[in-house]
Amino acid sequence: MSKPLYQAKAEFFKTLGHPARIRVLELLSEREHAVAEMLADIGIEATNLSQHLAVLRRAGLVVTRKEGSTVFYSLTSPHIAEFLLVARRILTGVLTGQAELLAEMRVPADTAERSE
């Protein structure tokens, strides 16, 4: 029996649950990258990056290509880049709403009461 779709989705989001993995996917949304290129941008140790890349590879989100001794990574689907853009739009909306609420809360109570 196959797992329910909601469980597969939960596992997908769990795979994305680390900032380094999100950053890797953002970089790969631009173009394929060699591991060495990503190290400087992501700012983690090579062994940690390797572990995160392995998680993304097992999840089917990235693929590799070898050229000599250099390993290049790329996204398996352009939908991953689209997904990251949608997530950015959602977060922008959420944070904008929170900023507006925070601004309202900073208005002194007597000023807020006079404007009502």
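## Exercises on sheet, rings and pocket

Strand 1 and strand 3 run antiparallel and are joined by two bridges. The structure is a predicted model, in which local features need pLDDT of at least 70 and side-chain atom pairs count only at pLDDT 80 or more, while totals for chains, interfaces and linings use all residues. Residues are numbered from 1 along each chain as its sequence is written, and side-chain values use heavy atoms, with hydrogens and water left out.

### Exercise 1: the sheet

Task: determine the order of the strands in the open sheet and state which strands are the edge strands.

Solution.

Step 1. Fix the terms. Strands (E, at least two residues) and helices (H or I, at least four residues) are DSSP runs, numbered from the N terminus. Two strands pair if DSSP finds at least two bridges between them.

Step 2. Examine the pairing of strand 2 with strand 3. Strand 2 covers residues 62–67 and strand 3 residues 70–75; the two run antiparallel and are joined by six bridges. Within this pairing, Thr64 has Tyr73 as its bridge partner, and Lys66 stands opposite Val71.

Step 3. Examine the contact of strand 1 with strand 3. Here His33 stands opposite Tyr73.

Step 4. Assemble the sheet. The three strands form an open sheet of order 1-3-2 with antiparallel pairing. Strand 1 (33–34) and strand 2 are the edge strands, since each pairs on one side only.

Step 5. Inspect the turn. The hairpin of strand 2 and strand 3 has two residues between the strands, and in this hairpin Gly68 takes a positive phi near 65°.

Step 6. Continue past strand 3. Thr76 is found in the loop between strand 3 and helix 5. The C-alpha atoms of Thr76 and Val62 are separated by 5.1 Å, although the two residues are 14 residues apart along the chain.

### Exercise 2: the aromatic rings

Task: classify the pairs that Phe83 forms with Phe12 and with Phe13.

Solution.

Step 1. State the criteria. Rings of Phe, Tyr and Trp (its six-membered ring) pair if their centres lie within 6.5 Å; planes under 30 degrees apart count as stacked, over 60 as edge-to-face and the rest as tilted. The structure holds three aromatic pairs.

Step 2. Apply them to Phe12 and Phe83. The ring centres are 5.4 Å apart and the planes stand at 70°, so the pair is edge-to-face. Phe12 lies in helix 1 (residues 5–15) and Phe83 in helix 5, so the pair ties together parts that are 71 residues apart in sequence.

Step 3. Apply them to Phe13 and Phe83. This pair is tilted, with 6.0 Å centre to centre and 45° between the planes. Phe13 lies in helix 1 and Phe83 in helix 5, so the pair ties together parts that are 70 residues apart in sequence.

Step 4. Combine the results. Phe12, Phe13 and Phe83 form one aromatic cluster.

Step 5. Assess exposure (buried means under 20% relative accessible area, exposed over 50%, partly exposed in between, with a 1.4 Å probe and protein chains only). Phe12 is partly exposed at 28%, Phe83 is partly exposed at 30%, and Phe13 is partly exposed at 47%.

### Exercise 3: a charge over a ring

Task: identify the ring over whose face Arg65 lies.

Solution.

Step 1. The criterion is that NZ of Lys or CZ of Arg is within 6 Å of the ring centre and within 35 degrees of the ring normal.

Step 2. Arg65 lies over the face of Phe72, at 4.5 Å from the ring centre.

### Exercise 4: the largest pocket

Task: describe the lining of the largest pocket by residue and by helix.

Solution.

Step 1. Define the object. On a 1 Å grid over the protein atoms alone, a pocket is an open set of points where a 1.4 Å probe fits, with protein on both sides within 12 Å along at least five of seven lines; lining residues have an atom within 4 Å of a point.

Step 2. List the lining. The residues are Ile22, Glu26, Ser29, Ala81, Leu84, Leu85, Ala87, Arg88 and Leu91.

Step 3. Assign them to helices. Helix 2 (19–30) and helix 5 (78–106) each supply at least two residues, and the largest share, six residues, comes from helix 5.
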